[in-house]
Amino acid sequence: MPANLISGTQLSQEIRVDIARRAARSSSAGVQPGLAVILVGDDPASHVYVRNKVQACAATGIRSVLERHPASLTQAALLAQIAALNADPAVHGILVQMPLPPQIDPNAVIAAISTAKDVDGYSVLSAGELLTGAPGFRPCTPYGCMKLIESTGISLKGKHAVVIGRSNTVGKPMALLLLQANATVTICHSNTPDLGLHTRQADVVVAAVGRRNTVTADMIKPGAIVIDVGMNRDEAGKLCGDVDFAGVREVAGAITPVPGGVGPMTITMLLLNTIEAAEAAQGKIA
Ligand code: NAP
């Protein structure tokens, strides 16, 4: 029997209804949630990502401010803008779209964002909050993956989860979130000699590699949950993940598609973090 499809599109819609309700409540109490999005340069993919984020804000009642800059922007000018946004009470979340041009150090930029407005959850402080289990903003993609797993109704407690990939933005925070949910976690990466040895034992596999067909049917335990973070193109230029979807869905218990799986959830978690930032700011005023 083919695996159940975990639809990020559908789950996103459900969560966005709640986000819109919370945004309306916050606005009627005098605090419209606000997200500042900073885009530097002309990277076409970044323009698409930013446009999607701005549109998602508009659809849920979050005010977004798009600050566009030429690729020649200096680091000092960007840091000055972030300082101004940190001090602006109408801005609850600040997002700097990556990648940045080479003259700007992304770590310096992320570090400049106030932790209270770090809705991407990328700063060292936010990472420390995640590591120690303190409240804080969780990076949007792994946070969305957790919501997708939760939506299956299967508890992670005592399960074996294998994360493939160890980036600071996806793999590592994903592993920490799974650990926090009481899974036993294995992290695999490019130096892992036999990926299948690990994935075949897993109740949950999260693939965050950036390479097509990294996970095939023979690597999956029957009934496992498979979350595909990857965004790649096949020979025909069609968007696909890291998982051989057609093969793996015949073995897995539940699987996310690409597109329509993790992608929509990433933006939804950004909106959720922004709402939570606005509610926290409102709490401070009230
Ligand atoms: P990344 O920084 O390039 O990290 C990729 C990870 O995969 C690295 O840890 C790397 O190991 C590991 N890896 C590479 N080849 C491998 C192999 N053959 N076997 C096992 N592990 C291998 O990428 P990322 O930013 O984490 O993103 C991963 C993928 O998710 C990309 O396709 C990206 O486009 C996608 N993504 C999607 C969303 C979304 O919203 N859907 C959001 C973010 C990212 P090493 O550390 O050893 O190099």
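Tutor: A quick definition before we look at the ligand: a polar contact here is a pair of N or O atoms within 3.5 Å. Keep in mind, too, that this is a predicted model.

Student: Got it. So how far is the polar side-chain atom of Thr-266 from an oxygen atom of the ligand?

Tutor: That distance is 2.8 Å, which puts the pair inside the 3.5 Å limit.

Student: And what about the side chain of Ser-167, how far is its N or O atom from a ligand oxygen?

Tutor: An N or O atom in the Ser-167 side chain is 2.5 Å from an oxygen atom of the ligand. There is a backbone contact as well: a polar backbone atom of Val-229 is 3.5 Å from a ligand oxygen.

Student: How much of the ligand does the protein bury?

Tutor: Taken alone, the ligand exposes 920 Å², and the protein buries 68% of that.

Student: Nice. How many residues surround it, and which are the closest?

Tutor: The ligand is surrounded by 22 residues, and the closest are Arg-166, Ser-167, Ser-190, Met-231 and Thr-266.

Student: How does that shell divide into nonpolar, polar and charged?

Tutor: You get 8 nonpolar residues, 12 polar ones and 2 charged ones.

Student: Which helix gives the most to the shell?

Tutor: Helix α10, residues 262–285, gives the most, with 3 residues.

Student: What sits in the loop before that helix, between β11 and α10?

Tutor: Pro-259 is one residue found there. The peptide bond leading to Pro-259 from Val-258 is cis, with omega near 0°.

Student: Where else is there a cis peptide bond?

Tutor: Another one joins Met-98 and Pro-99, with omega about 0°. Pro-99 lies in the loop between β4 and α4, the helix of residues 106–112.

Student: Let's switch to sheets. What's the strand order in the open sheet of 3 strands?

Tutor: The order is β3-β2-β4, and the pairing is parallel. β3 (63–69) and β4 (93–96) are the edge strands with a single partner each, so one side of each has no neighbour in the sheet. On average, neighbouring strands here are turned by 15° against each other, direction ignored.

Student: How many bridges pair β2 with β4?

Tutor: β2, residues 34–40, pairs with β4 in the parallel sense over 4 bridges. If you want a spot to look at, find Ala-36, which stands opposite Ile-94 in β4.

Student: Which strands does helix α3 lie across?

Tutor: Helix α3, residues 75–87, lies across β2, β3 and β4, and runs at about 175° to β2.

Student: OK, and what's the order in the open sheet of 6 strands?

Tutor: That one goes β1-β11-β8-β7-β5-β6, again with parallel pairing. Its edge strands are β1 (4–5) and β6 (184–188), each pairing on one side only.

Student: What's the bridge partner of Asn-4 in β11?

Tutor: Ala-254 is the partner. β1 and β11, the latter covering residues 254–255, pair in the parallel sense over 2 bridges.

Student: Which strands does helix α7 lie across?

Tutor: Helix α7, residues 171–180, lies across β5 (160–164), β6 and β7 (204–207), at about 170° to β5.

Student: Last one: what's the phi of Asn-182?

Tutor: Phi of Asn-182 is near 70°, a positive value in a residue other than glycine. You'll find Asn-182 in the loop between α7 and β6.

Key: Residues are numbered from 1 along each chain as its sequence is written. This is a predicted model: local features need pLDDT of at least 70, side-chain atom pairs count only at pLDDT 80 or more; totals for chains, interfaces and linings use all residues. Side-chain values use heavy atoms; hydrogens and water are left out. Two strands pair if DSSP finds at least two bridges between them. Axes are lines fitted to C-alpha atoms, for helices over the stretch in contact, and angles run from 0 to 180 degrees between N-to-C directions. Contact means heavy atoms within 4.5 Å. A residue is near a molecule or strand if one of its heavy atoms lies within 4 Å of it. A polar contact is a pair of N or O atoms within 3.5 Å; within protein, one must be able to donate a hydrogen and the other to accept it, and residues adjacent in sequence count only if both atoms are side-chain atoms. Accessible areas come from the Shrake-Rupley method with a 1.4 Å probe; for residues, only the protein chains shown count as cover. Ala, Val, Leu, Ile, Met, Phe, Trp, Tyr, Cys and Pro count as nonpolar, Asp, Glu, Lys and Arg as charged, and the others, Gly among them, as polar.
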